[in-house]
Amino acid sequence: MTSPIRNVCVIGGGVMGSGIAAHLANAGCRVLLLDIVPPNLSDDEKKDKKARDRFAQGGLDKALKSRPAAFFHASFANSVRIGNTEDDLEKASDCDLVIEAIIEKLEPKQALFTRLEKIVPAHTIVASNTSGLRIASMMEGRTADFKKRFCVMHFFNPVRYMKLLELVAGPDTAPETIARIKKFGEDVLGKGIVIGKDTPNFVGNRIGAHSMMVAIHQMLTDGLAPEDVDNITGVPMGHPKSASFRTADLVGLDTFGHVAENCYTSLTSDEDRDVFKLPDYVRAMIEKKLLGDKTKGGFYKKGEGGVLTLDPKTLEYRAKGGDEGIAKATKSISKIEDPKERLRKLMADPGKAGQYAWKVLSRSLAYSARRMGEIADDVSAVDDAMKWGYNWELGPFEAWDALGFAETVDRMLADGVKLPESVLKMKAAGAKGFYADGKVFDLAKREYVARALDPRNKTVRELRKGSAPVLKNDGGEAWDLGDGVLGVTFKTKANSLDPDVFDLLLKGVGEAEKNWKALVIANEGEHFCVGANLMLVLMAAQSSEWEQLRSMVKKLHVAMQRMKYSTVPVVAAPFGMALGGGLELCLASTAVQAAAETYSGLVEVGVGIIPGGAGTLNMLWRALEGVPEGAQLNTLEIVTQTFKNIALAKVATSADEAKMLGYFRKTDGVSFDRSRLVTEAKAKAIGIADSGYHPPAPRSYVLPGESGIATLSMMVDTLVAGGYASEHDAKIARKLAEVLSGGRGGNQRAVTEDEMLELEREAFVSLCGEPKSQERMQYMLMNNKPLRN
């Protein structure tokens with residue numbers, strides 16, 4: 001029972017089953033995806049294996065086509081075999097784990113488990129992805145040994161992107177089974193594990209459905225519109241921008257309705273049972289197939305004049321509107337960066353927004369407290385479930401603490417909100433909150449207990465040593481991360497690059513070479529780095545400060561080259577967006593430890609320029625570094641692909657896709673759980689330093705030169721002639737072609753790195769002088785999206 005899990009069988013090729021199979025393949029597992037034989041096959045089709053496997057193949061095909069992508073890269077689908085449950089179920093005997101994800105009905109699941117018990121060996125764990133059926137019911141008739149190896153693994157959709165994995169043990173599940181799956185879920189799949197109890201909808205969906213249904217019922221009571229509710233229950237409340245109704249449209253009203261109905265049907269003794277009862281108008285929407293995005297219309301739909309809203313009273317679509325006062329108040333609150341302060345501001349609002357928010361949130365917090373001991377034993381498990389499964393910034397109990405534990409209890413009691421005795425006793429005992437001094441309050445034990453935290457889950461703030469940074473300026477700081485590693489972190493907006501950051505990088509490398517064994521670039525926030533500070537570039541261009549621009553780019557070049565040839569290893573730890581200068585930082589680093597969900601690319605053409613941080617040099621050199629000496633290589637092929645990636649602003653949508661595109665090296669690391677990114681980047685840096693690191697030697701290459709420029713220009717002319725590119729696109733592309741070809745004389749000698757940087761610098765500055773490029777920069781700054789002109 002302690003052996004690693006390598007081979008996994010997933011039964012059920014629907015949305016969840018295929019998504020689970022795809023992510024297992026992402027994680028390096030060998031996967032067998034099975035589904036039933038399609039009914040109503042012709043006699044000839046019944047003899048055709050491809051026809052019999054059609055459902056499983058269809059599930060795999062949909063996973064490959066899904067957006068957002070289920071696979072890190074399409075090639076990962078090679079790890080998935082398909083089959084059907086009549087011909088191929090015996091193959092599950094070779095698997096370490098079998099995950100059932102078939103129709104949510106008891107009888108078919110029981111029949112499947114009856115068959116599996118006769119097939120799977122003693123080390124194999126069998127799990128169900130059910131969200132509502134009881135384990136005791138599913139296990140009727142099974143042997144004691146099978147029950148020991150059975151549990152629920154409840155993934156959230158889309159599986160690749162949602163961190164939450166709920167594990168639920170049955171009355172006979174062996175502790176070793178849960179321990180083995182927990183380790184697999186955390187270490188291999190990168191999931192956040194919440195241990196729930198065998199109750200309807202477990203933890204996340206129980207609290208999430210209640211919160212959503214309270215919002216809907218309260219909207220009808222207060223006479224608000226769906227737009228008002230979404231303005232309140234989104235960012236101001238620390239929830240995703242999709243808030244309540246937009247989230248329902250994304251999930252699908254049929255799916256959401258099923259979760260709510262399951263709660264209403266199953267929770268006969270729940271004091272808030274009626275909350276889960278679908279309002280008549282929501283039920284009517286489901287009957288009319290107004291299910292959200294999947295049917296092109298739900299609470300909202302796109303119309304010719306913009307987004308339309310379904311009126312709950314008439315069930316007719318109208319122009320999007322809502323209460324102006326609520327919109328104004330919530331817009332202002334949404335600008336507050338700290339989610340705790342944002343929530344406090346919302347609850348203190350005396351208008352409709354604050355009043356509605358308090359009614360909804362107070363009921364949700366109280367309901368969460370009343371469920372402790374029933375759905376989970378630890379309040380942090382509920383908080384984690386809502387953060388990982390619903391993308392809330394604060395879980396219910398964290399939100400409670402943010403508002404002030406005692407003050408919130410008093411306000412609830414004054415409003416007649418029912419609280420459990422455990423919370424009242426907690427307040428009477430003088431507890432500061434659910435979380436205090438690194439501990440969490442155990443409502444059953446009535447005392448603070450140590451939190452079970454994974455030591456790998458550390459941010460830069462949690463790793464850093466000492467009371468002050470080693471280096472500091474307006475652009476960022478460098479801290480001692482322990483074990484001889486210096487950590488550089490930016491403090492600019494969106495971690496953008498500016499002259500202060502250039503200085504910090506230069507000084508950071510110098511300091512690391514003198515006193516440290518390695519340097520890690522580890523930022524915090526939503527994105528690693530979204531590129532250079534475009535406003536500074538635009539201001540200099542509009543003022544015709546060409547020498548200032550040239551000097552700025554040269555300083556960035558020096559910083560990047562300094563990193564590249566540092567005598568100690570430099571490891572970048574990208575996550576979220578690593579665009580433009582963000583990717584250039586990675587290209588200049590010794591190695592990369594990237595979060596799996598890293599979106600990277602050189603996208604500068606979108607703002608009318610080319611990369612200006614040695615991106616052209618390092619992306620091309622990266623592509624050429626694997627070519628063995630003596631190979632008669634036509635460098636035009638490599639140059640052309642690099643040109644396409646930059647000219648088309650190709651963005652890799654995962655760390656593994658970045659490897660495929662040559663943005664990261666094949667040897668670079670990937671962190672499935674972003675919470676472990678900084679510690680894993682630090683470990684990588686130490687490993688490189690301790691294995692005898694020496695910086696690389698500068699390289700030079702013979703490039704295509706004038707013939708390459710001409711070939712690439714012909715490609716551009718074809719795009720312009722076909723209406724796929726503008727004349728200004730062509731101008732940018734020709735400048736890029738000249739740089740990547742090593743200039744017009746690039747084929748006459750080996751082009752050095754300094755020569756490439758000079759070509760990039762001059763092309764960058766010249767494009768900054770183009771009015772249409774400046775127009776693109778201005779548009780991007782104002783609208784956060786590129787302009788085509």
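Is Phe276 buried or exposed? I started there, working on a predicted model. Phe276 is buried, and its relative accessible area is 0%.

**Entry: Phe276 and its partner**

I looked up where Phe276 lies. It sits in the loop between helix H12 (253–266) and helix H13 (280–287). Next I looked for a ring beside it. The ring centre of Tyr367 is 6.2 Å from that of Phe276, and the planes are at 65 degrees. Edge-to-face pairs need planes over 60 degrees apart, so I logged Phe276 and Tyr367 as edge-to-face. Tyr367 belongs to helix H16 (residues 352–370). The pair therefore ties together parts that are 91 residues apart in sequence.

I then checked Tyr367 itself. Its relative accessibility is 1%, so Tyr367 also counts as buried. I listed its contacts, leaving aside neighbours within four places in sequence. Tyr367 touches Arg206, Ile207, His210, Leu267, Asp270, Glu271, Asp272 and Phe276. I also took one C-alpha distance. Tyr367 and Ser211 are 9.0 Å apart in space, C-alpha to C-alpha, with their positions 156 residues apart in sequence.

**Entry: other aromatic rings**

How many aromatic pairs are there? I found a count of 18. I picked out Phe397 and Trp400. Their ring centres are 6.4 Å apart and their planes are at 5 degrees, so this pair is stacked. Both residues are in helix H18 (residues 396–403). They are three residues apart there, which is about one helical turn. Why does that spacing matter for direction? An α-helix has 3.6 residues a turn, so residues three or four places apart point the same way. Phe397 is buried at 0% relative accessible area. Trp400 is buried too, at 0% relative accessibility. I followed the ring pairs outward and found a cluster of Phe397, Trp400, Phe405 and Phe434.

I also looked for charges over rings. The charged end of Arg273 sits over the ring of Tyr264, 4.1 Å from its centre. Arg411 lies over the face of Trp358, and here the distance to the ring centre is 3.9 Å.

**Entry: helix H12**

Tyr264 took me back to H12. This helix has 14 residues. From first C-alpha to last it reaches 19 Å, close to the 20 Å expected at 1.5 Å a residue. Tyr264 is among its buried residues, together with Leu253, Phe256, Gly257, Val259, Ala260, Asn262 and Cys263. What covers them? The cover includes helix H9 (204–222), helix H11 (245–251) and H13.

**Entry: cores**

Which residues of the largest nonpolar core touch the most other members? They are Leu497, Leu505, Phe528, Met563, Leu585, Phe664 and Leu703, out of 101 residues in that core. I followed Leu505. Beyond residues up to four places away in sequence, Leu505 touches Val488, Phe490, Ile521, Ala559, Met563 and Leu585. There is also a second, separate core of 82 residues. Its members include Val194, Phe256, Leu315 and Leu394.

**Entry: helix H22**

Leu505 is also one of the buried residues of H22. The others are Val501, Phe502, Leu504, Gly508, Val509, Gly510, Glu511 and Ala512. I noted that Glu511 is on this buried list. H22 (residues 499–515) has 17 residues and should span 24 Å at 1.5 Å a residue. Its end C-alpha atoms are 24 Å apart, which agrees. At the start of H22, a side-chain oxygen of Asp498 comes within 3.1 Å of the backbone nitrogen of Asp500.

I checked what lies over the buried residues of H22. The strands include S15 (471–473), S16 (476–480), S17 (485–490) and S18 (518–521). Among the helices are H24 (546–564) and H25 (581–588).

**Entry: two buried polar residues**

Arg676 is in the loop between strand S23 (669–671) and helix H29 (677–690). Its relative accessible area is 4%, so Arg676 is buried. Leaving aside neighbours within four places in sequence, Arg676 contacts Glu186, Asp187, Gly190, Arg456, Asn457 and Ser671.

Gln110 is in helix H5 (residues 106–117). Its relative accessibility is 17%; buried means under 20%, so Gln110 counts as buried. With the same neighbours in sequence left out, Gln110 contacts Ser137, Met138, Glu140 and Arg142.

Note on methods
Residues are numbered from 1 along each chain as its sequence is written. This is a predicted model: local features need pLDDT of at least 70, side-chain atom pairs count only at pLDDT 80 or more; totals for chains, interfaces and linings use all residues. Side-chain values use heavy atoms; hydrogens and water are left out. A nonpolar core is a set of buried Ala, Val, Leu, Ile, Met, Phe, Trp, Tyr and Cys residues joined through side-chain atoms within 4.5 Å. Buried means under 20% relative accessible area, exposed over 50%, partly exposed in between (1.4 Å probe, protein chains only). Contact means heavy atoms within 4.5 Å. Rings of Phe, Tyr and Trp (its six-membered ring) pair if their centres lie within 6.5 Å; planes under 30 degrees apart count as stacked, over 60 as edge-to-face and the rest as tilted. Helices (H or I, at least four residues) and strands (E, at least two) are DSSP runs, numbered from the N terminus. A charge sits over a ring if NZ of Lys or CZ of Arg is within 6 Å of the ring centre and within 35 degrees of the ring normal. The expected span of a helix is 1.5 Å times one less than its number of residues. A polar contact is a pair of N or O atoms within 3.5 Å; within protein, one must be able to donate a hydrogen and the other to accept it, and residues adjacent in sequence count only if both atoms are side-chain atoms.
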